[in-house]
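Thank you all for making time this morning. I would like to walk through one model slowly, beginning with a single helix and working outwards to the place where the chains meet.

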Amino acid sequence: MKDAMEGILSAADADVSVDTSLTSADIVFRVNVAATPGSLGNPNIPSDAKGYTARDGDIMTNNSWVFATALNNLGAELGVYNNPLRKNPNLLGRGAGRVGVHEFLHFMLQVDNSGHVPGTPFQGEFTASQYFGGPNSVWVLSKSQIAAIQGKCGQKSGPYGGGGTFSGPWVPYLYDDPMYWNGEMWAPGDTHVIWVRPQRPVVM
Amino acid sequence: MRGNPWIWFVLLVSTTCAGQEAKPQRGGLVGSVQQMTCNTFPLARILLVNMRSLETQTTKAGEDGKFAFTDLKPGDYMIIVTGTSDKYDTCWEPQSRQVTIAAGKPRIVQFTLTIDWNRCEGVAD
């Protein structure tokens, strides 16, 4: 899950880090893994939601959830022989990471579902193959999304970060994000933190 | 000297007692913060108020949601736990609890923060 998030966000070449605290990172974004939306105690969240970001008035907050059961069910809907998770349960971690990035974009862009952008990680809905499959252009940040992230975070290549520059299209990593459903290595209850080191002055 | 153990006993007791007088017993508090979905709550803010002197101390939970206060004067304290101070972390209902800190072993507390759904909503995908 962590790798999937890092893979997509690395294209932004920004001071954003998953689970590794950045010095002077005074904004954090929590990605919590929960089994179902019911555990949040809000009946307005649809039971088939894959992700959720809390909102306070016009502000998208820094708290989000990824719902493992809904993702798992999405794979199961394809049937026993077509369910990618049956062949490789680790792919659930990849899907969860991709949901986490989508929720992070709600926070970074400070927009609700009306701002969804088709063909990008910020589109409204995804298929099972888009969640669990290999490289897909839908998981490549658009130029405007990269610009938005860089506009709010220090750039790695900028005065507050290390080296490296973004050059053209980037392909998400092709690996299986380790996880084991039903118990072990990765499970509801895990919390990932995306650290954001904003530019000075903070532009959010 | 070797033949008089009583002298050694008196010396030992007096030294131990003198040490205790010089260093009053203190207590401690260790805790953890999680949220309603049982996920840890990194970076929560914790305010500790001594109910007698009204002195306050603050700390921040770690990435694992854990926090600690050490070297506390025994007595009654109020603990208040909230989200972080930034403007994007406003949905949590603060939690508070009064505890009595005794000298010696630290008191252990756990807090579970919940979202105030009357004020906050969200976007589901």
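**A helix and the core around it**

In helix H2 of chain A, residues 68-76, the buried residues are Ala68(A), Ala70(A), Leu71(A), Leu74(A) and Gly75(A). By buried I mean that 20 or more other C-beta atoms lie within 10 Å of the residue's own, while 12 or fewer makes a residue exposed and anything in between partly exposed, with C-beta atoms placed from the backbone. Helices (H or I, at least four residues) and strands (E, at least two) are DSSP runs, numbered from the N terminus.

Before going further, I should say that this is a predicted model, in which local features need pLDDT of at least 70 and side-chain atom pairs count only at pLDDT 80 or more, whereas totals for chains, interfaces and linings use all residues. Residues are numbered from 1 along each chain as its sequence is written, and chains are lettered from A and ligands numbered from 1 in the order in which they are written.

The buried residues of H2(A) pack against E2, E4, helix H3 (84-87), H4 and helix H5 (128-132) of chain A. Leu71(A) appears again in the largest nonpolar core, which has 71 residues, and it is listed there among those with the most contacts inside the core, together with Met5(A), Ile8(A), Val66(A), Ala96(A), Ile194(A) and Ala44(B). Such a core is a set of buried Ala, Val, Leu, Ile, Met, Phe, Trp, Tyr and Cys residues joined through C-beta atoms within 7 Å. Helix H4 of chain A, residues 91-109, gives the most to this core, with nine residues.

Which residues does Met5(A) touch, not counting those up to four places away in sequence? They are Val18(A), Gly97(A), Gly100(A), Val101(A), His192(A) and Ile194(A), where contact means that the two C-beta atoms, placed from the backbone, lie within 7 Å.

For chain A overall, there are six helices and five strands, and buried residues make up 45% of its 204 residues.

**Where the chains meet**

Turning to the interface, 34 residues of chain A are in contact with 25 residues of chain B. E3(A) gives the most to the side of chain A that touches chain B, with six residues, and the residues of that side divide into twelve nonpolar, 16 polar and six charged.

E3(A) also runs antiparallel to strand E8 of chain B, residues 121-124, and four bridges join the two; strands count as paired if DSSP finds at least two bridges between them. Within this pairing, Thr53(A) has Val123(B) as its bridge partner.

In the loop between E2 and E3 of chain A lies Gly41(A), which counts as exposed because it has 12 C-beta neighbours inside 10 Å. Leaving aside its neighbours within four places in sequence, Gly41(A) is in contact with Met36(B), Thr114(B) and Trp117(B).

**The sheet in chain B**

Chain B has an open sheet of four strands in the order E3-E2-E5-E6, with antiparallel pairing. Strand E3 (56-60) and strand E6 (95-101) of chain B stand at the edges with a single partner strand each, so one side of each is left without a neighbour in the sheet. Strand E2 (residues 45-50) of chain B pairs with strand E5 (residues 75-82) of chain B over six bridges, and there Arg45(B) is partnered by Thr82(B).

As for confidence, the predictor gives the complex an ipTM of 0.74 and a pTM of 0.80.

Conventions: Nonpolar A, V, L, I, M, F, W, Y, C, P; charged D, E, K, R; others polar.
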